Amino acid sequence: MAQKILVIGGVALGPKAACRCKRLMPDAEITLVDENLFISYGGCGIPYYVSGEVNNLDDLRATPYHTVRDPEFFRTMKGITVRNQTRALAIDRAAKTLLVRNVVTGEEEKLPYDKLVLATGATPRMPPVEGHDLKNVLTLTRLEAADAIRKACEHGQVSEAVIVGGGFIGLEAAVALSDMWGVKVSVVEMMDQMLPGVLSHNMGKMAAHDCEAHGLSVYTAEKVVRLEGEDGAVCKVITDKRELPAQLVIFAAGFLPNGQLARDAGLEVAPFGAIVVNEKMQTSDPDIYAGGDCVAIKNLITGKLGYLPLGSMANRQGRVIGTNLAGGDASFPGFVGTWAVKLFDMSFCGAGLTVERARREGYDAISVAVEQLDRAHFYPEKHMMSLELVVDRSDRRVLGIQGACTAGDALKARVDAVAAVLQYGKPTVEDISNLEVSYAPPFAAAMDVVNVVGNVADNVLAGRVKPITAEEFMDLWNKRAENNVFFIDARPAKAGQAVQAQHPEWHSISLEEMPSRVSEVPRDRPVAIICNTGLRAYDSVLILARNGITDVVNAAGGMQAVLKTGGKI
């Protein structure tokens, strides 16, 4: 007898699991249930439809060969029945039935199953602030909302917008509205940085500076307290620090996993609301699978249950579930949390833990940062890349990596290389120093930037250098009247002397001059040294150390990092 398989949820994981299962087990009777009208679309592409980079909304629902994935497509091309506009109400595990309701007619019925897949996704977090139910207060996770926002922009109805949340979707929405439509955008983030949890504080400042340099207003450590309206539509956002006019408000403050259906059925659910599954993606009931944005998955760095709603992970999990539904033995061991986002000039990418998160998890973590060209320095086309490596001081284990660059594809290649070794082992600093990556001048330097950040980590752990972040360097400089620090600029003389002419406290001593001018460096004061990227400063630190001057800190990433974070000497 053919297996009856029900799949609840039709965006990413559900269709992937259904189609994979049907390919491996053609006689299976598969029904996909979803309460929405549209199914099987690329939700992560929604900001790019708002921006105009994706011209047609149907492009987000289409296959690579341009066929729209609607219910008829699944019926004729895949042999799968789709019940859209049908809400799943309750699971009867003993009877193996699913109670559903047609949201248009109100008709209810029970659907039998042999195997059930929960792909119920997540709900955008909507803080319970006054005015959240006003018109033009939206989230950017559904095609209908995307279409409404783009049409409002096309008709000139939005001149000012507020984005609540400085994560991936919030910043992508901000870029889309500002860059394409010229909307004056304000981003309000309750944490003290942009992209909290996935970028270090220092790199978060780089993200904020990229946004501010293109006209966005960025407000961190700030909370929305209420929305005000006029004629039923939003017109103003009130935070705990200011008032912001807005004809459009987009809440992008994270997601809450949709685990209630599973909880009501007696399945195990994590304290944060996500469904608990094993490596086969089975719930506590072996006949019920779950995946995507509704599940808790093991973090391979910490070993703890975590939550990461990403379309890429949902698709991979969908294939695992589809294989196992058909009698296979596929596994999804966990995640390291690899991500990428494009802002204006800069792209950001990362994997694993930030240094702040690592310390909260109990690691004796440090981070090291470098600025280096992504290609050979003599190759005409090149871009300055920021990389930051997070390591555990006690055992030299690598815990994470983040980066920023105008060449997003080049950055992604480096981070993906490290993500792969994080996923399949516990790499050390030496593993990154010796990581084999491809080399040719149009693509990389002979000593690639990813190897260099490993080498710098080794030097820091060995005590050969004491790095400080660009933000810490600027804090020292801005408080120079009280801290008695001796500042050295190790860049070529022309660059350093231009700053020294404006600030007598700034001492231009280039790397080339350092051996002959070391007597000018005081031995009774702390020294802070900077160059363009950090390399010349490091060599200068070694020269000073050979001459007995060791109370020295080096600005990691040099002036490049200072400029990327918005600092000014």
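Below, a colleague asks a modeller how some terms apply to this structure.

Colleague: What should I know before we start?

Modeller: This is a predicted model, where local features need pLDDT of at least 70, side-chain atom pairs count only at pLDDT 80 or more, and totals for chains, interfaces and linings use all residues. Residues are numbered from 1 along each chain as its sequence is written, and side-chain values use heavy atoms, with hydrogens and water left out.

Colleague: Why is Asp231 called exposed?

Modeller: Exposed means over 50% relative accessible area, buried under 20%, and partly exposed in between (1.4 Å probe, protein chains only). Asp231 has 73% relative accessibility, so it counts as exposed. Asp231 sits in the loop between strand S13 (224–230) and strand S14 (233–239); strands here are DSSP runs of E with at least two residues, helices are runs of H or I with at least four, and both are numbered from the N terminus.

Colleague: And what makes Lys96 partly exposed?

Modeller: Its relative accessible area is 26%, so it falls in the range between 20% and 50%. Lys96 lies in the loop between strand S4 (86–92) and strand S5 (97–102).

Colleague: What is notable about the phi of Lys96?

Modeller: The phi of Lys96 is near 55°, a positive value in a residue other than glycine. Most residues other than glycine have a negative phi. Asp231 also has a positive phi, of about 55°.

Colleague: Why is one side of strand S9 left without a neighbour in the sheet?

Modeller: Two strands pair if DSSP finds at least two bridges between them. Five strands form an open sheet in the order S9-S16-S10-S11-S12, with parallel pairing. Strand S9 (137–138) and strand S12 (217–220) stand at the edges, each with a single partner strand, so one side of each has no neighbour in the sheet.

Colleague: How do you know that S10 and S16 pair?

Modeller: Four bridges join strand S10 (residues 160–164) to strand S16 (residues 248–251), and at least two are needed, so they count as a pair. One example is Val164, whose bridge partner in S16 is Phe251.

Colleague: Why does the second largest pocket lie between two domains?

Modeller: Domain 3 (338–462) and domain 4 (467–565) both give residues to its lining, so the pocket lies between them; the domain bounds come from an automatic or database assignment.

Colleague: Which element supplies the largest share of that lining?

Modeller: Strand S24 does, with six residues.
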